[in-house]
Structure formats: structure tokens, C-alpha cells
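Here is a short briefing on a pocket, the nonpolar cores and one loop residue.

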Amino acid sequence: MSAIASGANPAGDRSRRRKSKAGWNLLGLFVFAVAGFPVYWMLNTAFKPAKDAIDPDPSLLPTGLTLSNFSRALDIADFWGPVGRSLIVSLAVVAIGVVVGLLAALAISRFAFRGRKIVIVGILAVQMIPLVAMIIPVFLLLNDLDQYDKLSGLIITYLTFILPFTVWTLRGFIVNIPKELEEAAMVDGCSRTGAFVRVVFPLLAPGMVATSVYGFIQAWNEYLYALMLLSQKNQTATVWLSNFSTKHGTEYAPMMAGATMMAVPIVALFLLVQRKMAAGLTAGAVKG
């Protein structure tokens, strides 16, 4: 009687919830289709005959599959050299960035020192500077340091915009770990370093994985600085793709085949760390 008197309608509420859920599902499918279509088109073009790739009226569905584009991509220019250099640069940036970023984030989040807020604001300010605005200063600086056309110079350059993000992100993860856990471990006899290694570091591992993946993708996909700071003989994988554009035109099918091969390391990395990645993305809300 009370439900009827108050005008409650359980069946109507369930119907509205189902409609709302269906609407959100459709929106999610639409976003997925929009985001995934470029990847699908890349794969579709990579496996279709070269003549179909330049068809003015292309088909959305593959009409024929071929592997000739991949062999053509490997024949145009050296592929493994640029890929190897990209791997060296990306892995070095991730390794250095995570180690330095972790130490800096730990200092900012756990210790009070003069100028702490200025450092935090400075980290945010650096990320607001457009990368294209720093090309000339970076070029002149690396040239003075004899680091132009060297992978070490490119690694240093990438760290300038990947390290601030790493510090800020890891700070968010560390802040969310209660200090009481470290203090309890120190009461039980651990040193500060031992408490960090035994207590904080395992909880921080998912966040470090998520941050490392981001840094790797940024370094792997970066094009502008790699083009400006390295010569043809030292080009990375992203610059290698420019070999498909010549004065005679662009070979789109081999280019998409090359882009597909370039995407393999990223996909493999995600498959290896997907569980840690998901845990890190959900655990590291920025706080404090």
C-alpha cells in the first residue's frame, strides 16, 4: 500500500535503467568504432593489393589479401636498423625516466623541503610548453654538447618532456599509499630504504608499469625531434616511414604495411603488461 501510495513503479524504474544502460553501451560502441577505425583501415590497406590502396572509390571490406606490401616495405629501405635504434632510445628513456622519476616523486611526496611547491608547479609548467617551440634551442644546445646526430642526444631530449609526466604521475601513486605502512615497517625494525622496498614498492609496481608504458609509447612514436636531430643513417622507425613518400608519389600500401610492423612492439608490450596496466590506471588517482 505504501509503495502504491507513494507512486513507486519498480517495473518502470527497471525499464529506465535498461534503456539508460543500452544508451551508454551504444555510446561506448560508437566511441570504440571511431577510435578503432584508423587501426582497421591501416590493417586493411596493409594487406590489400597496392593498386586497390589508391582506388578513388575504396572498399571498406578487404577485397583481396596479399603479403607483397610487407616485402616491398622491407625492400625500400633498411627496416631493422631504425627499429633497433627506436628500441634502444625507447627502453633507455623508460629505464632512466622511471628510476629518476621515482626518486623525484618520492622526495616530493614524502619529504618537506624549501621550494617544494615551486618544484611541483615547475613540473606542471614544463608540460604546458609546446614541443615544437623548443626545437631550435634543443638543436643549438645539443650541437654545443656534441650530441647532435647521436642517440644519446635524442634520449636526453625525450627525457625533458617524458620525465615531468613520470614524476607527476608517480607522485600521485605514492601519495595514495599511507605513510603509516612505512612507519609500521620501520617500527618493526626496517630502515627507511627497507620499508620502501618491502612495503611501498610492491604497491607502487602497477603505477610504475602504467607510467613506463606511456613513456615507451611517447618515445617510440615521436617523429619531429627524431627527424630534426638525427641524420638519415641514424633515423628511427617513425622517420623510416618517410621513405615511402618520394617525388614520384606515396606508396600507401607498403607504408601501411610498415606502420603495421611498427605497431607490433607496442601491441606485444600491452599484451605482456595488460593486467598491471589496468591495475595501475585504476589505482593512481591524483590526490593531495
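The points below cover the model, its largest pocket, its cores and a loop.

This is a predicted model; local features need pLDDT of at least 70, side-chain atom pairs count only at pLDDT 80 or more, and totals for chains, interfaces and linings use all residues. Residues are numbered from 1 along each chain as its sequence is written, and side-chain values use heavy atoms, without hydrogens and water.

**Nonpolar cores**
- The largest nonpolar core (buried Ala, Val, Leu, Ile, Met, Phe, Trp, Tyr and Cys joined through side-chain atoms within 4.5 Å; buried is under 20% relative accessible area, 1.4 Å probe, protein chains only) has 38 residues.
- Leu-102, Leu-204 and Trp-240 have the most contacts inside this core.
- Helix 10 gives the largest share of this core, 8 residues. Helices here are DSSP runs (H or I, at least four residues), numbered from the N terminus.
- Another core lies apart, with 17 residues, among them Val-89 and Phe-161.
- Trp-240 touches (heavy atoms within 4.5 Å) residues including Ala-73, Pro-82 and Met-261, not counting those up to four places away in sequence.

**Largest pocket**
- The lining of the largest pocket has 11 nonpolar, 3 polar and no charged residues. Charged means Asp, Glu, Lys and Arg; nonpolar means Ala, Val, Leu, Ile, Met, Phe, Trp, Tyr, Cys and Pro; the others, Gly among them, are polar.
- Helix 13 (252–283) gives the most to this lining, with 6 residues.

**Loop**
- Val-132 sits in the loop between helix 6 (116–128) and helix 7 (135–144).
- Val-132 counts as exposed (over 50%) because its relative accessibility is 57%.

Key:
Helix = DSSP H or I, 4+ residues; strand = E, 2+ residues; numbered from the N terminus.
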